[in-house]
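Subject: The structure I promised you

Hi,

Here is the structure we talked about, with some notes on what turned up in it. Have a look at it first, then read on.

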Amino acid sequence: MEPLDEIVLTGLTVFGRHGVFEHERQDGQEFTIDLRLRLSLARAAASDDVVDTVHYGELAEKVAAVVSGEPVNLIETLAERIAAVGLDDPRVQDITVTVHKPHAPIPLDFADVAVTLHRRRTPDAPEDTTA
């Protein structure tokens, strides 16, 4: 088994309309996303070709489309959708996603609210060959 290396993208800031309150949906706010993908980078290092790795620019665009897209109530749901985008590449073995909501509607002074989740590629279920 090849060792797992990492691609890390931090601080991707995208405007979205997520939240449980109507004003969050109407006014929107910035969300900041951090990603940590674990995969083998040996092939890319040997070939020096971007096709042998996860293109982090393209990944950032896909994640931004999720954040700026269909609103959800919870940043937990948003993080799950972002994780699915990262795991869409079969080379990615697992992913850590943090969604920061620094402008959350909390009537106290605070620096940030964030949700972090870890997702691992699950092996495909075996085909059902029973008749």
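One cut-off before the details: a residue is called buried under 20% relative accessible area, exposed over 50%, and partly exposed in between. With a relative accessible area of 32%, R91 is therefore partly exposed. Please keep in mind that this is a predicted model.

Overall layout

The protein chain contains four helices and four strands. In sequence order, they follow the pattern β-α-β-α-α-α-β-β. Along the principal axes, the C-alpha atoms fill a box of roughly 50 × 50 × 20 Å. Of the 131 residues in the protein chain, 37% are buried. Among the contacts with a separation of 6 or more, 61% are between residues 24 or more positions apart. The accessible surface of the chain is about 8300 Å², and carbon and sulfur atoms account for 52% of that.

Charges and salt bridges

The chain carries 12 positive and 24 negative charges, and the mean positions of the two sets are 2 Å apart. Side chains of opposite charge can pair when their charged atoms come close. How many salt bridges does the structure hold? There are seven, and three of the pairs are described here.

Let me start with R36 and E6, which form a salt bridge with their closest N and O atoms 2.6 Å apart. R36 belongs to strand 2 (residues 29-39) and E6 to strand 1 (residues 5-16), so this pair ties together parts that are 30 residues apart in sequence. Both partners can be placed by their accessibility: R36 is partly exposed at 32%, and E6 is partly exposed at 39%.

Next comes R91, whose side chain meets that of D89 in a salt bridge, at 2.7 Å from N to O. Is D89 buried or exposed? Its relative accessibility is 18%, so D89 counts as buried, whereas R91, at 32%, is partly exposed.

The third pair is R120 and D94, with a distance of 4.0 Å from N to O. This salt bridge links distant parts of the chain: R120 lies in strand 4 (residues 114-120) and D94 in strand 3 (residues 94-100), 26 residues apart. R120 is exposed, with a relative accessible area of 63%, while D94 is buried at 8%. Through salt bridges that share partners, R38, D94 and R120 are joined into one network.

Around T96

T96 is also worth a look while you have the model open. This residue sits in strand 3, and its relative accessible area of 10% makes T96 buried. Which side chains does the side chain of T96 reach by polar contacts? One is that of R38, at 2.6 Å, and another is that of H118, at 2.9 Å. R38 is thus a meeting point in these notes: R38 has a polar contact with T96 and also belongs to the salt-bridge network with D94 and R120.

Leaving aside residues up to four places away in sequence, T96 touches D34, L35, R36, R38, T116, L117 and H118. One of these, R36, is the residue that forms the salt bridge with E6.

If you want a route through the model, you could begin at the pair of R36 and E6, go on to T96, which touches R36, and finish at the network of R38, D94 and R120.

Best wishes

Methods. Residues numbered from 1 in each chain as written. Predicted model: local features only at pLDDT ≥ 70, side-chain atom pairs only at ≥ 80, totals over all residues. Heavy atoms only, no water. Helix = DSSP H or I, 4+ residues; strand = E, 2+ residues; numbered from the N terminus. Buried < 20%, exposed > 50% of the residue type's maximum accessible area, 1.4 Å probe, protein only. Contact = heavy atoms within 4.5 Å. Areas by Shrake-Rupley, 256 points an atom, 1.4 Å probe, with all protein chains shown as cover. Lys, Arg positive; Asp, Glu negative; His and termini not counted. Charge placed at Lys NZ, Arg CZ, Asp CG, Glu CD. Polar contact = N/O pair within 3.5 Å; in protein donor to acceptor, adjacent residues only side chain to side chain.
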